[in-house]
Amino acid sequence: MRIVFLGPPGAGKGTQAELAAARLKIPHISTGDMLRSAVARGTPAGKDAAEFMNAGKLVPDPVVLKMLEERLREPDARSGFILDGYPRNVEQAISLASLTQIDRVVFFSIDLGALEDRLVERRVCPQCQAVYNLKSNPPRVDLRCDRDGITLVQRPDDRREVVEARFKTYLEQTEPLVRHYQELKLLQTIRADGTPEAIAKEVTKVLD
Ligand code: AP5
Ligand code: MG
């Protein structure tokens, strides 16, 4: 199964991709996570990317495509994958189609108005990358990761002023992919405004 999770920032793509990937025994490939790792390691690609990410803009297509091509060549991706955050514009969808065949695109449908607070309240563990939410999924103790006790941090692009820019980028560049994949008859839409458990059931329904 070669699957794409498509949806606005904060729709729950990462949360649901973790669960579905574990269930289907295929890797969860997030271009956002790969870029954040490149930024943290200070690689040349990471240095270029940080400026775009912190402004809520897309990182240039060739940078992301190169990273993705390398990742898809790894042995664990041969039996399938869940792509989270790629493609993000029509050009990327065309590049992806030339690399591999996609079997299904799951679109996380939700009003952007419901997402700003989710993003602003998100905190992540800088060590193990576990994702929390101060409102809907808080850590057990203060601001510390349940797994390793490390102090949680906010993603630089989860500040309210950057979130607005990310929504604008999404509407202008990524949302047109809904139509693109509808026309290719690959799109499965799920309502992404319930609890994580309810959404997981929806995801299971459209993938199994
Ligand atoms: P990326 O990391 O992909 O960010 P995004 O698409 O904006 O999506 P998020 O990761 O913010 O949200 P999500 O849908 O994964 O939600 P999550 O499950 O975490 O990209 C970041 C940046 O990298 C981009 O802006 C761009 O600059 C660059 N980039 C990445 N890919 C690129 C590409 N292909 N081309 C160019 N540039 C690229 O959930 C969010 C929060 O809500 C969490 O706190 C979670 O705990 C909580 N939550 C989850 N589900 C629920 C629920 N059902 N109810 C309540 N709370 C919930
Ligand atoms: Mg994510």
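Leu6, in this predicted model, sits across from Phe107 of strand E4. That pair belongs to a parallel pairing in which strand E1, covering residues 2-6, is joined to strand E4, covering residues 104-109, by four bridges. Val4 takes part here as well, with Val105 as its bridge partner in E4.

Strand E1 has another partner to deal with, namely strand E3, residues 81-84; these two also run parallel, and four bridges hold the pairing together. On this side Ile3 is found opposite Ile82 of E3. In a regular strand, side chains point alternately to one face of the sheet and then to the other. As for solvent, E1 doesn't see much of it: the strand is mostly covered, with four of its five residues counted as buried (under 20% relative accessible area).

Zooming out, these pairings are part of an open sheet of five strands, laid out in the order E2-E3-E1-E4-E7 with parallel pairing. The edges go to strand E2 (28-30) and strand E7 (187-191); each has just a single partner strand, so one side of each is left without a neighbour in the sheet. From one strand to the next, the twist averages 25 degrees. Within that order, E1 sits between E3 and E4, and it is bridged to E3 through pairs including Ile3 with Ile82 and to E4 through pairs including Val4 with Val105.

How values were computed. Residues are numbered from 1 along each chain as its sequence is written. Chains are lettered from A and ligands numbered from 1 in the order in which they are written. This is a predicted model: local features need pLDDT of at least 70, side-chain atom pairs count only at pLDDT 80 or more; totals for chains, interfaces and linings use all residues. Side-chain values use heavy atoms; hydrogens and water are left out. Two strands pair if DSSP finds at least two bridges between them. Axes are lines fitted to C-alpha atoms, for helices over the stretch in contact, and angles run from 0 to 180 degrees between N-to-C directions. Buried means under 20% relative accessible area, exposed over 50%, partly exposed in between (1.4 Å probe, protein chains only).
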